[in-house]
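Open the model in your viewer with the sequence panel alongside. The stops below are given in the order in which to select them.

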Amino acid sequence: PPEEVEDASEPTKRDRSHLENTLKLNEDKPADDFSGVLQRLRKIYHSSIKPLEQSYRYNELRQHEITDGEITSKPMVLFLGPWSVGKSSMINYLLGLDDTPYQLYTGAEPTTSEFTVIMHGPKLKTIEGIVMAADSARSFSPLEKFGQNFLEKLIGIEVPHKLLERVTFVDTPGIIENRKQQERGYPFNDVCQWFIDRADLIFVVFDPTKLDVGLELEMLFRQLKGRESQIRIILNKADSLATQELMRVYGALFWSLAPLINVTEPPRVYVSSFWPHEYHPDTHRDLFLKEEISLLEDLNQVIENRMENKIAFIRQHAIRVRIHALLVDRYLQTYKDKMTFFSDGELVFRDIVEDPDKFFIFKSILAKTNVSKFDLPNREAYKDFFGINPITSFKLLSQQCSYMGGCFLEKIEKAITRELPDLLGSIGLGKKPNVLSCDITGCGETPKNRYKKP
């Protein structure tokens with residue numbers, strides 16, 4: 001029968017040995033045991049950073065509480081991009097899920113309507129979003145705040161794969177231009193932002209036939225600001241084009257993305273076809289394979305630097321918490337100085353919040369402490385912040401000291417300048433000594449691009 005003939009012409013599959021070798025999937029050596037380092041990191045966070053964070057309600061300013069699940073979580077790789085560009089196929093390919101019952105659905109029409117988290121587990125199974133969010137040991141419990149509608153669109157898949165012991169993948173619903181966010185029934189952009197803030201590597205995948213950059217994609221790149229060093233752009237399905245055509249598409253892609261990514265250094269672009277099938281004949285097979293291997297090396301780098309990145313992340317968080325505390329303290333001090341027996345507290349404070357520059361609030365922070373002006377939060381954010389949190393509900397920093405515990409401010413400063421950098425140093429001992437240099441881990445006030453090849 002004709003069906004069988006069809007079957008015989010199935011595209012042949014490529015050899016996967018480069019995947020196994022680059023990602024070191026065959027090595028039996030035990031993964032580095034960082035449990036001691038993680039314990040110390042948790043201790044520093046709970047004793048030196050969290051008290052200040054809670055006392056000045058930092059979470060209401062940035063919506064970013066760090067849970068224990070997040071401190072111990074694996075690096076996360078996020079896949080973003082228009083619909084049907086091959087995001088799910090790429091994950092299937094990397095994990096060898098093709099033709100298994102757990103392969104992610106793929107197809108020409110928008111297939112993935114959920115945020116799918118692919119993580120390690122002893123056997124293949126699916127977990128409902130509601131269950132994932134309820135489990136505080138996982139790093140996904142903060143997602144509860146996006147509501148039930150969203151949790152129904154969140155799904156977890158556990159797969160017993162070597163790679164997932166060291167990294168978690170997140171597949172996202174394709175960006176569909178000309179569709180309103182309301183139609184999704186949950187705050188799509190806020191959810192994307194939550195994942196972007198926590199991702200160690202962000203793959204933005206494109207397909208040569210879908211290069212129109214519309215509003216939803218523009219919005220996405222606006223959300224990726226400040227995360228440029230984690231972004232990798234993938235021009236997928238490259239073997240579907242002849243060389244000359246591919247060159248044109250590559251140019252067009254850069255042309256349409258240039259206004260959206262304003263960094264001095266262009267992001268790394270990988271051109272290949274990330275799926276198991278043989279490349280089309282008469283296309284640049286060698287190039288595609290080399291590109292694929294460098295993408296895998298990139299992924300490996302993130303896995304190997306996961307502990308450094310985690311410490312750098314907590315340290316960056318501490319720097320922000322400290323700046324926030326200094327600012328609230330300044331607002332409060334200014335308020336106390338301006339208050340007299342006869343003045344109306346609310347009016348006095350409204351004056352300060354409306355025009356903090358008149359009282360040199362932000363300037364005094366820069367003058368007094370080694371704070372970079374790029375780390376200062378937006379002053380508008382403080383109007384909202386004090387709208388919910390009356391100034392009188394805070395204490396001055398100078399009053400946040402105890403005989404036994406010392407002062408909150410001193411403790412967070414010690415964590416930023418000494419404890420976290422020392423912890424970073426302790427990891428490097430077994431590794432190549434150059435990893436300790438601050439160029440890579442960004443132990444200065446301004447974190448460096450952590451994923452640039454040295």
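Select Ile127 and Gly156: Gly156, in strand 4, is the bridge partner of Ile127. Helices (H or I, at least four residues) and strands (E, at least two) are DSSP runs, numbered from the N terminus. The model is predicted, so local features need pLDDT of at least 70 and side-chain atom pairs count only at pLDDT 80 or more, while totals for chains, interfaces and linings use all residues. Residues are numbered from 1 along each chain as its sequence is written, and side-chain values use heavy atoms, with hydrogens and water left out.

Now show the whole of strand 3 (residues 125-128), which runs antiparallel to strand 4 and is joined to it by four bridges. Two strands pair if DSSP finds at least two bridges between them. Add strand 2 (residues 115-120), which pairs with strand 4 in the parallel sense over six bridges. One pair to pick out is His120 with its bridge partner in strand 4, Val159. Strand 4 itself (residues 154-159) is mostly covered, with five of its six residues buried. Buried means under 20% relative accessible area, exposed over 50%, and partly exposed in between (1.4 Å probe, protein chains only).

Next, go to Asp171 in strand 5 (residues 168-171). What is the nearest side chain of opposite charge to Asp171? It is Lys87, 5.4 Å away, and Asp171 is buried without a salt bridge. A salt bridge is a side-chain nitrogen of Lys or Arg within 4 Å of a carboxyl oxygen of Asp or Glu; for charge, Lys and Arg count as positive and Asp and Glu as negative, with His and the chain ends not counted. Display Ser88 as well: its side chain makes a polar contact with that of Asp171 at 2.5 Å. A polar contact is a pair of N or O atoms within 3.5 Å; within protein, one must be able to donate a hydrogen and the other to accept it, and residues adjacent in sequence count only if both atoms are side-chain atoms.

Select Cys401 and Cys407, which a disulfide joins (S to S 2.0 Å). A disulfide is a pair of cysteine sulfur atoms within 2.5 Å, and a search of the whole structure finds one. The link of Cys401 and Cys407 is right-handed, with 110° about the S-S bond.

Finish with two loops. Arg57, between helix 3 (35-55) and helix 4 (58-62), has a positive phi of about 45° although it is not a glycine. Lys237, between strand 7 (231-235) and helix 11 (243-257), has a positive phi of about 55°.
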